[in-house]
Amino acid sequence: MRRVLSAIKEFGCPLFVTLTFAENVTSYELSYKEFRSFVLRLRNKFDDLQYIAVWERQKRGSIHFHCLMWGL
């Protein structure tokens with residue numbers, strides 16, 4: 001909570017994004033690899049990108065990510 005409040009104070013209001021796989025991806029390693037690839041593509045377009053992300057398992061077992069993003 002302190003990290004989020006500190007980032008809001010420094011960068012302003014974030015964009016809240018939930019990233020979900022269409023397939024039932026249950027491997028953390030695979031999902032994190034895809035998430036990092038997504039972040040790297042964003043960083044190529046937005047130099048000031050900052051984010052805080054957490055992953056969560058859905059009821060169906062698939063992993064998704066909740067992100068607060070700044071600099072988009």
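Tutor: Let's start with a term: two strands pair if DSSP finds at least two bridges between them. Keep in mind that this is a predicted model.

Student: OK, what makes E2 and E3 a pair here?

Tutor: The cut-off is at least two bridges. E2 and strand E3 (residues 63-70) have eight, running in the antiparallel sense, so they count as paired. Their hairpin has five residues between the strands, and Gly61 there takes a positive phi near 100 degrees.

Student: Which residue in E3 is the bridge partner of Trp55?

Tutor: Phe65. Both residues also belong to one aromatic cluster, along with Tyr28, Tyr32, Phe35 and Tyr51.

Student: How many aromatic pairs does the structure hold?

Tutor: Six. One of them is Tyr28 with Tyr32, a stacked pair.

Student: Why is the pair of Tyr28 and Tyr32 called stacked?

Tutor: Two tests apply: ring centres within 6.5 Å, and planes under 30 degrees apart. Tyr28 and Tyr32 come out at 5.7 Å centre to centre with 20 degrees between the planes, so they pass both. The two sit four residues apart in helix H2 (residues 28-45), about one turn of the helix.

Student: Are those two tyrosines buried, exposed or partly exposed, and how do you know?

Tutor: Buried needs under 20% relative accessible area and exposed needs over 50%. Tyr28 has 31% and Tyr32 has 36%, so each falls in between and is partly exposed.

Student: And what makes Phe35 and Tyr51 stacked or edge-to-face?

Tutor: Edge-to-face takes planes over 60 degrees apart. The planes of Phe35 and Tyr51 meet at 75 degrees, with the centres 5.8 Å apart, so this pair is edge-to-face. The pair links distant parts of the chain: Phe35 is in helix H2 and Tyr51 is in strand E2 (residues 50-57), 16 residues apart.

Student: How do you know whether Phe35 is buried or exposed?

Tutor: Its relative accessible area is 5%, and the limit for buried is under 20%, so Phe35 counts as buried. Across the protein, 28% of the 72 residues count as buried.

Student: What makes Ile8 eligible for a surface patch?

Tutor: A patch member needs over 30% relative accessible area and no salt bridge. Ile8, in helix H1 (residues 2-11), has 33%, so it clears the area limit and counts as partly exposed. Met1, Leu5 and Ile8 form that nonpolar patch, with about 340 Å² of accessible area together.

Student: And what pattern does the protein follow along the sequence?

Tutor: α-β-α-β-β, from two helices and three strands.

Note on methods
Residues are numbered from 1 along each chain as its sequence is written. This is a predicted model: local features need pLDDT of at least 70, side-chain atom pairs count only at pLDDT 80 or more; totals for chains, interfaces and linings use all residues. Side-chain values use heavy atoms; hydrogens and water are left out. Patches are made of residues with over 30% relative accessible area and no salt bridge: like charges are joined within 9 Å, nonpolar side chains (Val, Leu, Ile, Met, Phe, Trp, Tyr) within 5 Å. Accessible areas come from the Shrake-Rupley method with a 1.4 Å probe; for residues, only the protein chains shown count as cover. A salt bridge is a side-chain nitrogen of Lys or Arg within 4 Å of a carboxyl oxygen of Asp or Glu. Buried means under 20% relative accessible area, exposed over 50%, partly exposed in between (1.4 Å probe, protein chains only).
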